[in-house]
Amino acid sequence: MRKIVIAGNWKMHKTQGDALAFLQEFLNYLTETPDDREAVLCVPFTALGTLSKNLHGSLIKLGAQNIHWADEGAFTGEISGDMLSELGVRYVIVGHSERRQYFGETDETVNQRLLAAQRHGLTPILCVGETKEQRDAGETDSIIAAQISKDLVDVDQSNLVIAYEPIWAIGTGDTCEATDANKVIGAIRAQLTNQDVPIQYGGSVKPGNIDEIMAQSEIDGVLVGGASLQAEGFARIVNFQ
Ligand SMILES: O=C(CO)COP(=O)(O)O
């Protein structure tokens with residue numbers, strides 16, 4: 001039985017104060033969380049400590065948005081696995097397309113960061129996805145297959161979540177057809193040795209489309225950007241039917 005993981009990715013949004021206000025409101029809406037699913041908030045590093053202290057044993061798990069591959073060292077601006085786990089972090093996003101596009105992340109560095117996350121007992125959420133040009137050229141399956149095989153070298157598939165995030169659907173309102181996403185996710189699963197890895201869809205997920213997305217047989221959750229910033233809407237997504 002695969003786990004359902006609904007994760008919010010706040011990206012570079014919300015101060016500590018904003019994060020606390022969100023949490024209070026969010027917990028009010030989440031009084032009846034179904035227990036078959038995990039809700040995760042992947043927040044900026046600066047909000048991790050405050051949220052960790054205020055989760056009060058709630059069902060919400062804490063996630064970060066990046067991790068360095070070294071355990072420590074001269075890596076200005078980076079963050080280590082120990083620093084994250086000390087704050088109660090359980091999940092960490094690795095290889096988001098914004099990291100690949102703007103910060104020079106490659107499949108090799110993504111692989112190293114995945115290994116570091118697992119070494120520190122964190123569950124990495126590996127993001128893969130194709131550009132609009134690649135999709136139009138019919139290259140979606142080969143691009144995703146190449147990312148998966150390079151990123152997962154030596155990675156333990158028993159402690160892993162994968163997010164299929166077509167780059168053209170991120171922040172654009174242009175959602176991938178749920179049935180198309182289902183097909184790509186099925187192809188990702190066929191490449192894995194462990195069939196229990198939860199595979200999420202990400203890209204313009206909102207309260208209005210969550211039910212259709214989660215009705216797909218291969219989709220085990222979502223990674224939500226913009227719509228996770230609003231407590232009532234994100235609670236609606238977590239509580240999909
Ligand atoms: O990048 C995403 C989540 O990691 C998706 O962002 P949006 O939900 O804003 O499209």
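Ser204 counts as partly exposed, because 19 C-beta neighbours lie inside 10 Å and a buried residue needs 20 or more. This description rests on a predicted model. Ser204 belongs to a "binding site" that UniProt annotates in an unreviewed entry. A separate "active site" annotation, also from an unreviewed UniProt entry, covers His96 and Glu165.

**Ser204 and its surroundings**

- Ser204 sits in the loop between strand E7 (199-202) and helix H9 (210-214).
- Which residues does Ser204 contact, leaving aside neighbours within four places in sequence? They are Ala169, Thr172, Gly173, Asp174 and Thr175.
- The backbone of Ser204 has a phi near 55°, a positive value in a residue other than glycine.
- Most residues other than glycine have a negative phi.

**The rest of the annotated binding site**

- Along with Ser204, the UniProt record lists Asn9, Trp10, Lys11, Gly171, Gly225 and Gly226 under "binding site".
- These binding-site positions are spread over 218 residues of sequence, yet they cluster in space, with a largest C-alpha distance of 13.9 Å.
- Lys11 lies in the loop between strand E1 (4-9) and H1.
- Lys11 counts as partly exposed, with 18 C-beta neighbours inside 10 Å.
- Lys11 is not a glycine, but its phi is positive, at about 55°.
- Gly226 is in the loop between strand E8 (221-224) and helix H10 (231-238).
- Gly226 is partly exposed, with 18 other C-beta atoms within 10 Å.
- Gly226 and Lys206 are 20 residues apart along the chain, and 8.4 Å separates their C-alpha atoms.

**The ligand shell**

- The ligand has 14 residues around it.
- Which of them come nearest? Asn9, Ile170, Gly171, Gly225 and Gly226 do.
- Asn9, Gly171, Gly225 and Gly226 also appear in the UniProt "binding site" annotation.
- By residue class, the shell divides into 5 nonpolar, 8 polar and 1 charged.

**The annotated active site**

- His96 and Glu165 carry the "active site" annotation in the UniProt record.
- They span 70 residues in sequence, but their C-alpha atoms are no more than 8.4 Å apart, so they gather at one spot.
- His96 is in the loop between strand E4 (91-94) and helix H4 (97-102).
- Is His96 buried or exposed? His96 is buried, because 28 other C-beta atoms lie within 10 Å.
- Glu165 is found in the loop between strand E6 (161-164) and helix H8 (178-191).
- Glu165 is buried too, with 27 other C-beta atoms within 10 Å.
- Not counting residues up to four places away in sequence, Glu165 touches Ser97, Cys127, Gly129, Ile170, Gly202, Gly203 and Leu223.
- Ile170, one of these contacts of Glu165, is also among the residues that come nearest to the ligand.

**Packing of H1 against H2**

- Two packed helices are described by the angle between their axes and the distance between the axes.
- Helix H1 (residues 16-29) packs with helix H2 (residues 45-54) at an angle of about 35°, and their axes are 9 Å apart.
- The crossing of H1 and H2 is right-handed.
- On H1, the contact is made by Gln16, Ala19, Leu20 and Leu23.
- On H2, the contact is made by Thr46, Ala47, Thr50, Leu51 and Asn54.
- The contact residues divide into 5 nonpolar and 4 polar, with no charged residues.

**An exposed loop position**

- Val153 lies in the loop between helix H7 (140-151) and E6.
- Val153 counts as exposed, because 12 C-beta neighbours lie inside 10 Å and the cut-off for exposed is 12 or fewer.
- Val153 and Ala117 are 36 residues apart in sequence, and their C-alpha atoms are 14 Å apart in space.

Technical notes: Residues are numbered from 1 along each chain as its sequence is written. This is a predicted model: local features need pLDDT of at least 70, side-chain atom pairs count only at pLDDT 80 or more; totals for chains, interfaces and linings use all residues. UniProt positions are given in the numbering used here, feature names are shortened, and annotations may be inferred rather than shown by experiment. Helices (H or I, at least four residues) and strands (E, at least two) are DSSP runs, numbered from the N terminus. Two residues are in contact if their C-beta atoms, placed from the backbone, lie within 7 Å. A residue is near a molecule or strand if its C-beta atom, placed from the backbone, lies within 6 Å of it. Ala, Val, Leu, Ile, Met, Phe, Trp, Tyr, Cys and Pro count as nonpolar, Asp, Glu, Lys and Arg as charged, and the others, Gly among them, as polar. Axes are lines fitted to C-alpha atoms, for helices over the stretch in contact, and angles run from 0 to 180 degrees between N-to-C directions. A crossing is left-handed if the near helix is turned anticlockwise from the far one by less than a right angle, and right-handed if clockwise.
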